[in-house]
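These are my notebook entries on one structure. I wished to look up what surrounds its ligand and to check the backbone for unusual angles.

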Amino acid sequence: MDEAAPTPLISAKAAAPLNGTIAIPGDKSISHRALMFGALAIGETRITGLLTGEDVLRTAAAMRALGAEVTRDPDGTWRVAGRGIGGLTEPADVLDMGNSGTAARLLCGILATHPLFSVMTGDASLRGRPMRRVIDPLSATGAHFFAREGGRLPLAIQGARDALPLDYRVPVPSAQVKSAVLLAGLNAPGITRVEEPEATRDHTENMLRHFGATVSVEISETPTGRNGRIVELQGQPELRAADVVVPGDPSSAAFPLVAALLVPGSKVTIPAVGLNPLRTGLFLCLEEMGANIAILNRRTEGGEPVGDLQVTGGPLHAVDVPPERAPSMIDEYPILAVAAACATGTTRLRGLKELRVKESDRLAATAALLTVNGVRVEIEGDDMIIHGTGAPPSGGGVVETHMDHRIAMSAIVLGMVTAAPVTADDAGFIDTSFPGFVELMNAIGASIRPAAQS
Ligand code: S3P
């Protein structure tokens with residue numbers, strides 16, 4: 001997809017308050033996992049609400065290439081006929097994971113303990129991202145990985161025949177690394193143990209249980225006082241097919257949510273948003289900034305807490321976000337930075353080191369997004385400082401999106417309030433996580449159009 005011509009978009013100030021209901025797509029993290037677990041289970045798994053963004057379609061294609069049957073009914077339900085743990089077959093061609101770090105890293109975990117040869121690649125963004133964080137621990141299963149310089153894709157993998165279970169302390173807070181180790185443990189005898197210094201999203205643990213695996217989780221107090229976790233998986237379980245209902249993605253809800261807060265007088269409802277407490281750091285920050293967000297109709301769907309967000313636009317003030325909150329909102333910093341740029345006072349976002357290895361260097365890309373649109377921003381070590389004036393920034397900038405969907409959507413939201421329109425140099429990657437974003441936002445009152453028509 002990196003070879004496609006760029007599709008620049010211009011976002012101009014909304015002429016009227018945003019108003020209406022916006023249905024957001026299914027959770028990306030849960031969608032990847034549902035397809036992977038379905039492929040590893042015995043029987044047919046049915047998935048409703050699956051995200052049909054590019055990233056997840058890459059996972060679907062990879063699981064097909066590994067022998068699972070993955071189909072979509074006309075009503076949008078997906079069916080996965082699984083092969084059982086250890087039952088995947090050698091792929092006939094290179095597995096192309098597109099833009100998706102989650103797909104690539106989780107799949108490395110599965111492939112490490114299947115005695116198969118495979119080759120994995122991705123687009124230019126993914127080929128630039130560090131894979132050593134999974135290669136190093138997974139090599140201890142007995143698998144062999146051959147990567148480019150710096151542990152980058154393309155990657156050749158020879159999975160272990162008699163895999164060893166891992167006991168690993170994840171050095172960085174990363175749900176992808178934790179999940180890769182746990183997935184490898186599915187086809188290794190005995191206990192696989194992962195210790196994480198800070199709790200990260202627990203969709204893998206939850207879904208493993210949902211498919212019948214035995215998983216225990218213990219909270220471990222770390223010297224920094226942060227809540228770490230120790231996760232143990234009993235190896236070689238028989239995973240049984242289980243239906244999955246995918247909740248709306250809170251990381252996608254973040255964009256219409258912030259847009260509605262910033263455009264004065266807006267009233268927007270976002271139904272069925274996932275509210276897993278390890279994902280909701282952004283909502284907490286926005287509430288601390290004075291945002292008016294009501295969560296209605298709280299319920300549990302498919303084992304995950306969900307609720308309907310009702311958002312009312314209004315002024316925001318600065319916030320100081322502690323580093324320990326980062327894992328619960330790791331993908332939300334670019335859009336939070338946009339909110340902070342429009343708020344009164346100086347915001348400090350602390351401990352953003354991991355943002356440097358996302359789909360782009362998001363720390364640099366977010367700072368540049370704001371700077372070209374007239375906002376004063378500094379990066380101090382791993383912190384970002386944003387000087388909000390309480391008035392919308394001047395705008396008028398062309399934002400370099402660096403193949404990063406969340407930078408593109410953040411730029412578009414900023415343009416809804418700036419004096420001059422904001423251009424995103426390539427909005428094509430929005431489809432990786434939020435297909436239909438532009439149409440849905442325009443339907444509630446945004447003014448986003450192809451740059452060529454300007
Ligand atoms: C994800 C984990 C996070 C997040 C990504 C999805 C997952 O990545 O940024 O969008 O589904 O496990 P890290 O594990 O690199 O923090």
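The entries below begin with the ligand and end with the backbone.

Entry 1. I note at the outset that this is a predicted model.

Entry 2. I looked up which residues surround the ligand. The shell is made up of Ser29, Arg33, Thr102, Pro173, Ser174, Ala175, Gln176, Arg201, Ile330, Asp331 and Lys358. I sorted these shell residues by character and obtained 3 nonpolar, 4 polar and 4 charged.

Entry 3. I then looked up polar contacts with oxygen atoms of the ligand. For Lys358, a polar side-chain atom lies 2.7 Å from a ligand oxygen. Two further contacts involve the backbone: an N or O atom of Gln176 lies 2.9 Å from an oxygen atom of the ligand, and one of Ala175 lies 3.1 Å from an oxygen atom of the ligand. I also looked up the area of the ligand: taken alone, the ligand exposes 390 Å², and the protein buries 95% of that.

Entry 4. I asked where the ligand lies in the protein. The space that the ligand takes is the largest pocket. Two elements, α1 (28-40) and α6 (175-185), each give two or more residues to the shell. Domain 1 (9-26 + 247-450) and domain 2 (28-235) both contribute shell residues, and therefore the ligand lies between them.

Entry 5. I turned to the backbone. Most peptide bonds are trans, and most residues other than glycine have a negative phi. The bond from Leu153 to Pro154 is cis, with omega near -5°. Pro154 belongs to strand β9 (residues 152-158).

Entry 6. I recorded a positive phi, near 55°, for Ala272, which is a residue other than glycine. I located Ala272 in strand β15 (residues 267-274).

Definitions and conventions: Residues are numbered from 1 along each chain as its sequence is written. This is a predicted model: local features need pLDDT of at least 70, side-chain atom pairs count only at pLDDT 80 or more; totals for chains, interfaces and linings use all residues. Side-chain values use heavy atoms; hydrogens and water are left out. A residue is near a molecule or strand if one of its heavy atoms lies within 4 Å of it. A polar contact is a pair of N or O atoms within 3.5 Å; within protein, one must be able to donate a hydrogen and the other to accept it, and residues adjacent in sequence count only if both atoms are side-chain atoms. Accessible areas come from the Shrake-Rupley method with a 1.4 Å probe; for residues, only the protein chains shown count as cover. On a 1 Å grid over the protein atoms alone, a cavity is a set of points where a 1.4 Å probe fits but cannot get out, and a pocket is an open set with protein on both sides within 12 Å along at least five of seven lines; lining residues have an atom within 4 Å of a point. A molecule sits in a cavity or pocket if more than half of its atoms lie within 2 Å of its grid points. Helices (H or I, at least four residues) and strands (E, at least two) are DSSP runs, numbered from the N terminus. Ala, Val, Leu, Ile, Met, Phe, Trp, Tyr, Cys and Pro count as nonpolar, Asp, Glu, Lys and Arg as charged, and the others, Gly among them, as polar. Domain bounds come from an automatic or database domain assignment.
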